[in-house]
Amino acid sequence: MKRTKILSLVLSVSLAASVLAGCGKKAAQDNTSNNQAAPGKKVEISILMGKPEVAKQFEEMLAEYNKESNNAKITMIPLAGQNAYEKMTSLYASGNAPTIMMVGQEFGSFKDKYLDLSNESWVKNAMEGTLDYVKVDNKVLGMPVTVEAFGFIYNKKVLDEAVGGNFDPASIKTTKDLEDLFKKIEAKGKKAIHISPMDWSLGAHFTNVFFTTQSQNRDERHKFMADLKAGKVSLKDNKQFNGWLDTFDVMKKYNSAKASPLAPQYEEGPEKLGTGEVGLWFMGNWAYPQIKELDASGEYGFLPVPISNNAADYGNSQISVGVPSYWCVDASQSSKEQQEEAKKFLNWLVNDKKGQEIYVNSLNFIPVYTNFNAKPTDPLSNNILQYMSSKQTLEWMNTYYPADGWPKMGASMQKYLVDKIDRAGLISEFETYWKTAK
């Protein structure tokens, strides 16, 4: 009797498994079917866009591309308050992976899901070194989006008034020089600096400075990061870290939002700078489209973030410049048709005349491809090119942070910004994070 019951149970389980397998197979087939375009219907592809500051311009570009394309309809997926790692994890888990995604330090966590782009025409035009980060087993798994830079963006009109003449950016070489400039700006009735408190700005961009100024030698500064992760670094005794934090203390002292440091939204930065309410704003060139809306004829440039009062120290005359992100194409959940249309769009963006013009003049991207005919005309892009040509640049080491690196450090920086923790507390949180980072 027991044997009969067991046999019956086995048969029941097997039958149930067969039904479930059949349902699963049908669901998979339905999913694949949904990804295939019907005859005469456009292929629908999606792009995860990680740059909300140019989302409006990007939407306008997609609308124009969709009108011209006979085969594709592209929609944009915003981050909607999440970081790229969280958003991608969620979308992949739900079976709704974007066809194209903008990735930075998330690259390594998802690299097994990306399409090989090695044979695309833009690969041969990519500037030297810009593909290194996304090469895996001799395959190119990502397309560089642009070159970007960050530092103190200054409104030259405000600074000219502060110094009583023609402001010379080369005059700011130390933390003391910077504070003296802040004092002069405030003496004219303006606010010296605006600090945007977003975790990505403080945790990815601002922290980059103390990592990359550890040494002019790339191997040595990357060893510093590895040693920090291994628990071999004492930030309390690190000269560059303490000098960097000294500068942040000066920024806090003169912050335009000192009364409520975490209150400002991103949009307040370009507004305050573009209207001349403040003289400087720590941010990157991606902000220029918003600044331009307020002050199209204004002169703007970058100042480095000094880390000491010795003008000769590495970092005091350099700004952070690098490839912040890459376009990657999904190979695990997207159909062949979607993948092909994704590649066509990316090629259009950097090879087509109209695509290049939008890339440079609307998105304000700085080309990282040798075949570009369209050239940047905005002051920030040209200032970056000047720093690049004079080799006064710092590496973007934040690209090598763990996926949760900048959110974690950004949260600690926010606490420090509002004096919830002191220097010792910040050091403790940073060191604890890096010792446990994956």
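How many residues does helix α12 have, and what span does it reach from its first C-alpha to its last? In this predicted model, α12 covers residues 336–351, which gives 16 residues, and the helix reaches 22 Å between those end atoms. That is close to the 22 Å expected at 1.5 Å a residue. The buried residues of α12 are Q338, Q339, E341, A342, K343, F345, L346, N347, W348, L349 and V350.

Helix α16, residues 423–436, can be checked in the same way. At 1.5 Å a residue its 14 residues should span 20 Å, and this agrees with its end C-alpha atoms, which are 20 Å apart. Within α16, the buried residues are G425, L426, I427, F430, E431, Y433 and W434. Among the elements that cover these buried residues are α7 (199–212), α8 (218–229), α9 and α15.

Two of the helices that cover α16, α9 and α15, also pack against each other. The axes of α9 (residues 239–253) and α15 (residues 405–417) come within 11 Å and cross at roughly 50 degrees. An angle from 35 degrees up to 65 counts as oblique, so α9 and α15 are oblique to each other. The crossing of α9 past α15 is right-handed. On the α9 side, the contact is made by W244, L245, F248, D249 and K252; on the α15 side, by M413, Y416 and L417. Sorted by character, the residues of this contact comprise 6 nonpolar and 2 charged, with no polar ones.

How values were computed: Residues numbered from 1 in each chain as written. Predicted model: local features only at pLDDT ≥ 70, side-chain atom pairs only at ≥ 80, totals over all residues. Heavy atoms only, no water. Helix = DSSP H or I, 4+ residues; strand = E, 2+ residues; numbered from the N terminus. Expected span 1.5 Å × (residues − 1). Buried < 20%, exposed > 50% of the residue type's maximum accessible area, 1.4 Å probe, protein only. Axes fitted to C-alpha atoms, helices over the stretch in contact; angles between N-to-C directions. Parallel < 35°, antiparallel > 145°, perpendicular 65-115°, else oblique. Left-handed = near helix turned anticlockwise from the far one by under 90°. Contact = heavy atoms within 4.5 Å. Nonpolar A, V, L, I, M, F, W, Y, C, P; charged D, E, K, R; others polar.
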